[in-house]
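Colleague: Could you take a close look at one part of this model for me, the packing in its interior? I am new to this, so please explain the terms as you go.

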Amino acid sequence: MTTRPAGRFAALPTRPGKIIAIHLSYASRAEQRGRRPAHLSYFLKPSSSVAGSGGIVERPAGTELLAFEGEIALVIGTEARGVSLEDAWRHVGWVTAANDLGVYDLRANDKGSNVRSKGGDGFTPIGPTLLDTRDLDPATLRVRTWVNGALAQEDTTAGLLFPLAQMVADLSQHLTLEVGDVILTGTPAGSSVIGPGDVVEVEVDAPGGPSTGHLVTTVAQGEVAFDGDLGSLPAVDDHQRAEAWGSRDAAGLPASGLDPALRAKLDQAPTAGLSAQLRKRGLNNVMVDGVAPLRPGCHLVGVARTLRFVPNREDLFAGHGGGYNAQKRTFDAVESGEVIVIEARGETGSGTLGDILALRAKARGASGVVTDGGVRDAAAVADILPVFAAGHHPAVLGRKHVPWEGDVTIACGGTTVQPGDIIVGDDDGVVVIPPSLAEEIAAATLEQEAEDTWIAARVTEGHPVDGLFPMNAAWRARYEAEQ
């Protein structure tokens, strides 16, 4: 165990040449975020952001979403370039605690680089004590974070999606890791928003063994506002609030998806009526052609989350089809009230989902699935959740498709579908509704349904349809008088 003198870089052997941070690395955080990465990804933090224990960090003026992230920090002890997975850990000299602070209000224009949001002065507290890796098992380290004395985060390296040694080995493929460089290894679930007066403490230890001690940071309010003439200003929306707080509920936001009142209207609205109302407004190409429910009589309402397959090509399938591919990532990420809409080009010669993925979608709260391809395990899938498909087929995905990407604009059944579009399905088929028109379309459809029900009753009484369907002035007057 090595303790450094007081000062800004007290817990480090030297001022780091680089600080490399992992975007998403713990299974608990991936589950919370609703997305699980297939590979490691990184961003850089400046060494000017380093602070020691007991320091104060300012929440910039004009911002609301300063968030803490307790992390295990690796400090390189021996230069590493092109090292193997088996050899990587010996290049790590020390382990300590870190707090990867960030301001979500500043993320919009950084496109994942996090320069503004995570690069501020004091945004990387590290310490207070270095632990010699020769005394540690990298598979059994623990990180814990407290806010104002209450435990907010706790996880161990057993919960990592990628082992610590893999982070070192992978980075060394691309650049030289020099003595004193720091790798911030990602944060588990529990990261959330802090404000002026809050005190955050982070500890890394080997349970029952050595500990870094508590890395303490106190939040203060910054007074100097950003100058909009020089660059982008802070901006937040409900998505950023949910990400920063950890969930929509924690952020005090309503549940994601459709407004409950709108969903209730759409639950009563037939697709035939919705299609007619969309046609009146000039939208004719909003029906997903060629799909039918696996189980007749089901009704589907939800917000689109999209997935695109491309035609199978063996060399591309090798890189995109196996492992944690786009198909699996989409089914792992779907949120409550969403509908997974799959572009399979009308190719029904293999399955685009089966019972396991259907169970995963149901567990995540999905409203259903729409695919213009085939479905495996069709009878089982039909009992799990509403699925509309172009056909059934026993073959696996790779016979005809490569899972390519999710959350993009796609074509399903000859219809363009964008993430966030509203999907409604029944025995007549599936209709796609632009969100901006949904309230208007739903209300008009229900009004027309009430009118059609009244007309049907008159036809049942024996009246001819001429003048009644559609109603002439006389019939209209009678209808309105009876309402």
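Modeller: Happy to! Let's start with Ile-72: setting aside neighbours within four places in sequence, Ile-72 is in contact with ten residues that include Tyr-26, Val-95, Leu-141, Val-143, Ile-183 and Val-204; contact means heavy atoms within 4.5 Å. Before going on, note that this is a predicted model, where local features need pLDDT of at least 70, side-chain atom pairs count only at pLDDT 80 or more, and totals for chains, interfaces and linings use all residues. Residues are numbered from 1 along each chain as its sequence is written, and side-chain values use heavy atoms, with hydrogens and water left out.

Ile-72 is also among the residues with the most contacts inside the largest nonpolar core, which has 46 residues. Such a core is a set of buried Ala, Val, Leu, Ile, Met, Phe, Trp, Tyr and Cys residues joined through side-chain atoms within 4.5 Å; buried means under 20% relative accessible area, exposed over 50%, and partly exposed in between, using a 1.4 Å probe and protein chains only. Elements that each supply at least two residues of this core include strand E6 (70–76), strand E7 (92–99) and helix H4 (164–174). Helices (H or I, at least four residues) and strands (E, at least two) are DSSP runs, numbered from the N terminus. Helix H4 gives the largest share, six residues. Another core, of 23 residues, lies apart from this one, and Ile-342, Ala-358, Val-381 and Val-387 are among its members.
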